[in-house]
Amino acid sequence: MVAKSRRQQLAKLAVLALALLLLLAATLLCVFLIPRHHRKPLPPGPPPGNASNPDDSIVAFDFSPYLIMYKSGRVHRLDGTARCAAGVDEDTGVVSKDVVIDGGTGLAARMYLPPAPGGAKGKKDLARLPVLVFYHGGAFVIESAFTPLYHAYLNAVAAKARVVAVSVEYRLAPEHRLPAAYDDSWQALNWVARNAGSGPEPWLRDRGNLSRLFVAGDSAGANIAHNMAMRAGTEGGLDGGAAITGLLLLDPYFWGKRPVAGETTDQATRRQYEATWSFICGGRYSIDDPLVNPLSAELRRLACSRVAVTSSGLDDFRPRGLAYAAALRDSGWGGEVERFETPGERHVYFLDRPKDPNSVKELAFVTGFLSQE
């Protein structure tokens, strides 16, 4: 009887084990043999915020396509955040390096030095080069002296114009609202002036020709460049008695309350530009302040002898750039004004499409202006 009972128990265990094996086999068939449904991946959402803070997901200011700021103060930049290293540019032979100007504020710059001419053998054969101080664009809120976009552009300019270039890394809004960018830019310009005279920075001290000092920028950077020349005129010049030779404004970011000839009269567009300016400066300056509307400035105080203004045919800022050039001529300022326009193109198109024929022509104008004795 005992043996029979054991056989029955073993038989039951065997049946149970077989049942488990069949169940496992069925499961594996479902996983591997039955076709699965596929969904397209969802588009990426906003970066994760702080789940414990409801204000971290409430939009306080939408400055698309540049950034979004949330009620908590968190800033999500939508563009202009990539970075690239300095070094030797394979296409042009230009060498670049990064320097710190003020460790307390983070003020820095990327410097560019073109290769020596083919016949130059030593330092005695190397002529001094014009000095270019450049301020990048990006609506005062994005981009950097270290982004691939501006790194490529400054390599091209330094190579073709044969200048020692200093691309300034100024602080951005909204973390640092205006006038932080202006103050950083002024400090950097004077740092260049001191070092090109007798300072410790060898590229400026040994290779820079301070008698040919140019200040330039695109978009918001052009706005900064203009205001640096104005500040030099109202504050008695730069450190060490240096003077700005030329001012180069590429599609400058200027605006104002009342439309100038050719400027949009659409009230929604004008309100948006006014709102974004207020966001950038934290409401410190009106839309007619001379910082953003140079037509309300004393342009005769502009501290340089030559100015070049470029404009793009489809750019909202084009009409005020043209009005700026005309007002400068009529202001009693004693210098020369040059203009260059590209019909049918949008704002700072030449940065995104450097090999486009129109971009090549624009670069030729820029380098010609910087190379002119």
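Strand 8, helix 5 and strand 9 form a β-α-β unit of right-handed sense. The model is predicted.

**Strand 8 and its partners**

Strand 8 covers residues 208-218. Is strand 8 mostly covered or mostly open? Of its 11 residues, 8 are buried, so by the cut-off used here each of those 8 has under 20% relative accessible area.

Strand 8 pairs with strand 6, residues 129-135, in the parallel sense. That pairing runs over 7 bridges. Pro 130 has Asn 209 of strand 8 as its bridge partner. Strand 8 also runs parallel to strand 9, residues 246-250, and 5 bridges join the two. Here Asp 218 stands opposite Leu 250 of strand 9.

The table lists strand pairings, including one from the sheet described further below.

| Strand pair | Sense | Bridges | Bridge partners |
|---|---|---|---|
| Strand 6 and strand 8 | parallel | 7 bridges | Pro 130 and Asn 209 |
| Strand 8 and strand 9 | parallel | 5 bridges | Asp 218 and Leu 250 |
| Strand 1 and strand 2 | antiparallel | 4 bridges | Phe 63 and Leu 67 |

**Helix 5 against helix 3**

Two packed helices are described by the distance between their axes and the angle between them. Helix 5 spans residues 220-234, and helix 3 spans residues 180-198. Their axes come within 10 Å and cross at roughly 65 degrees. The crossing is right-handed.

Which residues make the contact? Helix 3 contributes Ala 181, Tyr 182, Asp 183, Ser 185, Trp 186 and Leu 189. From helix 5 come Asn 223, Ile 224, Asn 227, Met 228, Arg 231 and Ala 232. By class, 7 of the contact residues are nonpolar, 3 are polar and 2 are charged.

**The antiparallel sheet**

Another topic is an open sheet of 3 strands, in the order 1-2-3. Its pairing is antiparallel. Why is one side of strand 1 and of strand 3 left without a neighbour in the sheet? Strand 1 (59-63) and strand 3 (75-77) stand at the edges, and each has a single partner strand, so one side of each lacks a neighbour there. From one strand to the next, the twist averages 10 degrees.

Strand 2 covers residues 67-70 and is joined to strand 1 by 4 bridges. Phe 63 has Leu 67 of strand 2 as its bridge partner. Helix 6, residues 267-281, packs on this sheet and touches strand 1 and strand 2. The direction of helix 6 makes about 115 degrees with that of strand 1.

Note on methods:
Residues numbered from 1 in each chain as written. Predicted model: local features only at pLDDT ≥ 70, side-chain atom pairs only at ≥ 80, totals over all residues. Heavy atoms only, no water. Axes fitted to C-alpha atoms, helices over the stretch in contact; angles between N-to-C directions. Left-handed = near helix turned anticlockwise from the far one by under 90°. Contact = heavy atoms within 4.5 Å. Nonpolar A, V, L, I, M, F, W, Y, C, P; charged D, E, K, R; others polar. Buried < 20%, exposed > 50% of the residue type's maximum accessible area, 1.4 Å probe, protein only. Pairing = 2+ DSSP bridges. Right-handed = clockwise from strand over helix to strand, strands pointing away.
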